[in-house]
Amino acid sequence: MGYEISDADLEEIFTRFKKLADEKKTITSSDLEALTLHRSKITRPEESTASTCRLISHSITSGSDIPKISYVKLSKDSTILEGVEYGAGPLDAAFKAVNKMLGVDARLEDFSVRAVTEGEDSIGEAVVKISSASTGEMYTGSGISTDIVEASLQAYISGINKMFEAGE
């Protein structure tokens, strides 16, 4: 494909490739390109002097006439955090859980999801803009996954990691 990749990036891409292979029947060159191009958006703990969070798992309950509930499990500085919250929708509940677990007051300012590959099992990319309630500073985060809730959580956590890196 013509990309030059460091050994560390290749290892991260391969890990994400194996996860994607478990989720999809067929992996296309577009899928591989999405994984490759998205490597720069990954925050690794060894590259950051600030506190870094990572999504471990999530579960949502959503539907008409039932409460929207989100369970989120994170890793922060080698500590496992778990939270459950209610919200107006599954992402609202998930973002509230993340804010509560991390003790941050981040506000969602903008949110978008788009398919970056083709097909019904395509990879989706979520991009969020969040603001810090205390300073008003804006941070952008992104995430990719075949699960758009997971991609959205990755994006939100990416934005919060940037808040932490800025010293908030």
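At what angle do helix 3 and helix 4 pack, and how far apart are their axes?

## Packing of helix 3 with helix 4

In this predicted model, helix 3, covering residues 90–102, packs with helix 4, covering residues 148–165, at an angle of about 30 degrees. The axes of helix 3 and helix 4 lie 10 Å apart, and their crossing is right-handed.

## Residues of the helix contact

Helix 3 contributes Leu91, Ala94, Phe95, Val98, Asn99 and Leu102 to the contact. On the side of helix 4, these residues meet Val149, Ser152, Leu153, Tyr156, Ile157, Ile160 and Phe164. By class, the residues of this contact between helix 3 and helix 4 comprise eleven nonpolar and two polar, with no charged ones.

## The three-stranded sheet

The model also contains an open sheet of three strands, arranged in the order 4-5-6 with antiparallel pairing. Strand 4 (106–115) and strand 6 (138–145) are the edge strands, each pairing on one side only. From one strand to the next, the twist averages 20 degrees.

Strand 4 and strand 5 (residues 124–132) run antiparallel and are joined by nine bridges. Within this pairing, Ala106 has Ser132 of strand 5 as its bridge partner.

## Helix 4 against the sheet

Helix 4 packs on the sheet and touches strand 4, strand 5 and strand 6. The direction of helix 4 makes about 145 degrees with that of strand 6. Helix 4 thus takes part in two packing arrangements: one with helix 3, and one with the sheet.

Conventions:
Residues numbered from 1 in each chain as written. Predicted model: local features only at pLDDT ≥ 70, side-chain atom pairs only at ≥ 80, totals over all residues. Heavy atoms only, no water. Axes fitted to C-alpha atoms, helices over the stretch in contact; angles between N-to-C directions. Helix = DSSP H or I, 4+ residues; strand = E, 2+ residues; numbered from the N terminus. Left-handed = near helix turned anticlockwise from the far one by under 90°. Contact = heavy atoms within 4.5 Å. Nonpolar A, V, L, I, M, F, W, Y, C, P; charged D, E, K, R; others polar. Pairing = 2+ DSSP bridges.
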